[in-house]
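Visitor: Could you take me through one part of this structure up close? I would like to see how a single helix sits, and then how the rest of the chain is laid out around that view.

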Amino acid sequence: MPDLLSHVLLAYAGMTAASWVVDPLTDEWVAVGAAGAAIPDLVKVEMVIGSGTVGSLLGVPFDFGAIGTLGGVLLVAGVIALCFGSHRRRAYACLVAGGFTGLFFDGLRAYAGGRAGFWLYPVTWRPPTPSLYVSSDPRVLGAAIVVAALVFVLDRLALDRLALDL
């Protein structure tokens, strides 16, 4: 699953960079946002539990593929944000931001049909993909690790500089 780890690392890098200009975005909320990048990848739960099994348990038709869409991210982030009590709005914003990064990078993947998944459903219907990478390509994970490490070092250097100024 280099795809999932790449999404989380790239969301971490993006959220950390955003925290440099957005004061309320502390390290804890960066972690929540990075976790949100995994929401679209919850579709992989289907490898363990079939959609039909969940549908029969719920008594309604169910498809894990819907979780990997814009609507699925908004819904799942809302359910998870309810666990954050009085901070649920900030948690929801961070989870959705992370989920959007996951959807964005999913949209750049190569698909056999030349079209991305239904990740923006119902806004668009299978948009064309630039086919920049294959999800199993380890070079993508390597690039994500390098980017996240670079942002981590820059963030720590900025914190050290702030500590010296105080």
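Guide: Happily! A residue is called buried here when its relative accessible area is under 20%, and exposed when that area is over 50%. Please keep in mind that this is a predicted model.

With those cut-offs, let us look at helix α3, which covers residues 51-58. Its buried residues are S51, V54 and G55. Looking down the axis of α3, you will find these buried residues within an arc of 100 degrees, so they line one face of the helix. The general geometry helps here: an α-helix has 3.6 residues a turn, so residues three or four places apart point the same way. Now turn to the face of α3 directed away from the buried side: exposed residues G52, S56 and L57 are carried there. Just after the helix comes G59, with a positive phi near 80 degrees.

Stepping back, α3 belongs to a chain whose secondary structure comes to 6 helices and 0 strands. Along the sequence, the pattern reads α-α-α-α-α-α. The C-alpha atoms fill a box of roughly 60 × 40 × 30 Å along the principal axes. Of the 166 residues in the chain, 36% are buried. If you take the contacts between residues at least 6 apart in sequence, 59% of them join residues at least 24 apart. As for the outside, the accessible surface of the chain is about 9700 Å², and carbon and sulfur atoms account for 71% of that area.

A second helix gives us another buried position to visit. Helix α6 spans residues 138-165 and includes D155. The relative accessible area of D155 is 5%, so this residue counts as buried. Leaving aside residues up to four places away in sequence, D155 touches T16, W20 and D27.

Finally, let us look at the empty space. Rolling a probe the size of a water molecule over the atoms shows where such space is left. The largest pocket holds about 280 Å³. It is lined by 16 residues, and V43, G68, D106, R109 and Y111 are the closest of them to the pocket's centre. Sorted by class, the lining has 6 nonpolar, 4 polar and 6 charged residues.

To return to your helix, then: α3 has S51, V54 and G55 buried, while G52, S56 and L57 lie exposed on the face turned away from them.

Note on methods:
Residues numbered from 1 in each chain as written. Predicted model: local features only at pLDDT ≥ 70, side-chain atom pairs only at ≥ 80, totals over all residues. Heavy atoms only, no water. Buried < 20%, exposed > 50% of the residue type's maximum accessible area, 1.4 Å probe, protein only. Helix = DSSP H or I, 4+ residues; strand = E, 2+ residues; numbered from the N terminus. Arc of directions from axis to C-beta. Contact = heavy atoms within 4.5 Å. 1 Å grid on protein atoms, 1.4 Å probe; cavity = no way out; pocket = protein on both sides within 12 Å on 5 of 7 lines; lining within 4 Å. Points joined across faces, edges and corners; volume = space filled by probe spheres on them. Nonpolar A, V, L, I, M, F, W, Y, C, P; charged D, E, K, R; others polar. Areas by Shrake-Rupley, 256 points an atom, 1.4 Å probe, with all protein chains shown as cover.
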